[in-house]
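Trainee: I am new to this structure. Please choose one part, go through it closely with me, and then place it among a few other parts.

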Amino acid sequence: MSPPLSPSPSHSERFARLTELLAEWQHLWRPLPFQHWASPWGEAYSALEGALLALSDDEAARLQDAPFTASPLAEWLPVAELSDQVDLPELPGDARELPAAWAAHVGGRKWSQIEAFLPRVAASPGERLVEWCAGKGHLARALSRRDATEVTALEWQAALCRDGQRLADRQGAAVRMAEQDVLAPEAGRWLSPETHVAALHACGDLHGRLIELAAARGSALTLAPCCYQRTAAADYRPLSQQGQERAAALGLSLSREELAMAVQETVTAPRHVRVRREQAGAWRLGFDLLQREVRGVDAYLPVPSLAYGRLPVSFEAFCRWAAEQKGLDLPAVGIDWAAFEAAGARRRAAVTRRELVRHLFRRPLEVWLVLDRALRLEEAGFDVELGTFCARELTPRNLLLRASRR
Ligand SMILES: C[S@@+](CC[C@H](N)C(=O)[O-])C[C@H]1O[C@@H](n2cnc3c(N)ncnc32)[C@H](O)[C@@H]1O
């Protein structure tokens with residue numbers, strides 16, 4: 001006889017445990033390895049540091065991609081439990097395929113995301129559909145065609161509304177693009193107990209506002225949140241009562257910058273982009289060593305980021321550019337550029353390995369943030385489902401909340 005299956009934890013239980021794990025291990029996942037020239041965790045973790053630095057390039061790359069699989073860090077960190085806590089079900093949906101012609105004028109990856117998201121939007125009969133922060137209303141058009149119903153798509157950029165309306169009219173989709181700043185006081189007028197709001201990849205405050213309005217007005221929603229760090233507030237204030245209480249009790253506070261960790265997992269970039277990124281990372285760390293010596297101050301100096309394709313042609317040119325940004329005078333002669341460049345590359349290899357510790361806590365932080373949203377809605381009297389809507393290769397922001405008033 002097989003043992004009875006243990007029931008999956010409630011959102012509240014999972015949230016409580018993740019709060020404990022994030023709080024307990026914050027001294028390990030908070031420090032940013034690139035800001036430190038040695039181990040950011042001190043002597044207490046010298047064995048962990050040793051194991052990380054001994055990883056081959058291939059093994060480090062594998063763990064970057066799959067931090068919970070066969071991880072040698074399990075000797076020091078709660079890898080198995082973190083993995084269990086972020087293991088969420090794929091939410092079921094309507095299996096009908098969408099006609100390929102509906103993909104016209106939508107980018108390939110975005111269309112695949114819509115194909116995965118849309119089957120999970122299950123409006124009840126009589127509910128009016130609204131798309132939140134709709135861009136050109138690609139999702140709204142597909143929804144409207146699938147359900148043969150009118151969809152209102154809210155977007156604040158007039159040009160996107162115009163383009164979106166043109167596309168909808170041309171395809172005969174019953175979409176009404178409405179120019180609306182969803183943060184404006186009157187935005188709530190679009191929501192009522194008879195509306196179902198769909199939001200694909202709505203950023204921080206934009207989906208926070210949707211949740212508050214839906215809670216107040218009783219609207220159902222299907223939401224894939226994104227970019228938790230895009231907020232007016234510099235410090236995170238949990239949305240749910242339980243979140244506020246548990247985070248305060250365990251001393252788990254998060255700055256806007258720390259929220260960004262939740263979305264740092266990206267779809268693997270093409271090889272030439274990765275090579276360029278590695279180069280830029282190594283040069284930054286080489287410059288960091290140089291600036292510490294030139295200034296005589298052993299402290300990290302943040303340098304602005306560079307748009308893709310703007311990286312100077314050589315390490316020296318990069319350092320001169322970075323020094324200018326920081327108002328730092330570099331000597332015209334006498335710098336051993338090759339030595340600093342090589343030291344930067346070695347440091348980059350070490351930083352990449354130390355960052356594997358943060359990678360372990362990235363998805364747990366993201367799931368914690370989404371659970372906080374789920375609990376906010378449960379506390380407002382909603383039934384809430386939380387799961388994934390697509391494979392992470394399609395988008396790592398693949399978590400979905402479905403909620404409707406009980
Ligand atoms: C990340 S995009 C998501 C677009 C679309 N849902 C998608 O998945 O492609 C965010 C959209 O929100 C819009 N937006 C940003 N701030 C807004 C606001 N305050 N009110 C309404 N729309 C806003 C942007 O113009 C953009 O079209």
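Mentor: Let us start with a word we will need throughout: a residue is called buried when its relative accessible area is under 20%, exposed when it is over 50%, and partly exposed in between. Please also keep in mind that you are looking at a predicted model.

The part I would like to show you is a pair of side chains in helix α12. This helix covers residues 271–295, and both Asp288 and Arg292 lie in it, 4 residues apart, which is about one turn of the helix. Asp288 has a relative accessible area of 2%, so this residue is buried. Arg292 counts as buried too, because its relative accessibility is 9%. The pair does not stand alone: salt bridges that share partners link Asp288, Arg292, Asp298 and Arg347 into one network. Within that network, Asp288 and Arg292 form a salt bridge themselves, with their closest N and O atoms 2.8 Å apart.

Where does helix α12 sit in the domain assignment? That assignment gives domain 2 as residues 271–354 and domain 1 as 100–253 + 363–405. Taken over C-alpha atoms, the centres of domain 1 and domain 2 are separated by 40 Å.

Now set our pair beside some other salt bridges, for the count in this model comes to 23. One of them joins the side chains of Asp163 and Arg166, at 3.6 Å from N to O. These two share a helix as well, α8 (residues 158–171), where they are 3 residues apart, about one turn. Their surroundings are another matter. Asp163 is partly exposed, because its relative accessible area is 27%. Arg166 is also partly exposed, with a value of 46%.

A further salt bridge connects Glu90 and Arg120, whose closest N and O atoms are 2.7 Å apart. Glu90 belongs to the loop between α5 (79–85) and α6 (108–117), while Arg120 belongs to the loop between α6 and β1 (128–131), so this pair ties together parts that are 30 residues apart in sequence. The two partners also fall on opposite sides of our opening definition. Glu90 counts as exposed, as its relative accessibility is 56%. Arg120, at 9%, counts as buried.

Let us move on to the ligand. There are 15 residues around the ligand, and the closest are Lys110, Glu155, Asp181, Val182 and Leu200. By kind, the residues of this shell divide into 7 nonpolar, 4 polar and 4 charged. What does the ligand meet at Gln157, Val182 and Leu200? From Gln157, a polar side-chain atom lies 3.0 Å from an oxygen atom of the ligand. At Val182, a backbone N or O atom is 2.9 Å from a ligand nitrogen atom. Leu200 places a polar backbone atom 3.0 Å from a nitrogen atom of the ligand. On its own the ligand has 590 Å² of accessible area, and the protein covers 79% of that.

Next to Leu200 in the numbering you will find His201, in strand β4 (residues 195–202). Most residues other than glycine have a negative phi. His201, although not a glycine, has a positive phi of about 55°. With a relative accessibility of 17%, His201 counts as buried, because that value is under 20%. Ala70 is another non-glycine residue with a positive phi, here about 45°. Ala70 is found in the loop between α4 and α5. At a relative accessible area of 63%, Ala70 is exposed.

Finally, two pairs show how sequence and space can be read together. Leu223, in strand β5 (residues 220–225), is buried, with a relative accessibility of 0%. From Leu223 to Leu386 the separation in sequence is 163 residues, and their C-alpha atoms are 9.8 Å apart. Ala60, in helix α4 (residues 57–65), is buried at 3%. Ala60 and Tyr45 are 15 residues apart in sequence, and 18 Å apart from C-alpha to C-alpha.

When you go back to helix α12, look again for Asp288 and Arg292, and then follow the network on to Asp298 and Arg347.

Notes:
Residues numbered from 1 in each chain as written. Predicted model: local features only at pLDDT ≥ 70, side-chain atom pairs only at ≥ 80, totals over all residues. Heavy atoms only, no water. Near = heavy atom within 4 Å. Polar contact = N/O pair within 3.5 Å; in protein donor to acceptor, adjacent residues only side chain to side chain. Areas by Shrake-Rupley, 256 points an atom, 1.4 Å probe, with all protein chains shown as cover. Nonpolar A, V, L, I, M, F, W, Y, C, P; charged D, E, K, R; others polar. Salt bridge = Lys/Arg side-chain N within 4 Å of Asp/Glu carboxyl O. Buried < 20%, exposed > 50% of the residue type's maximum accessible area, 1.4 Å probe, protein only. Domains from an automatic or database assignment.
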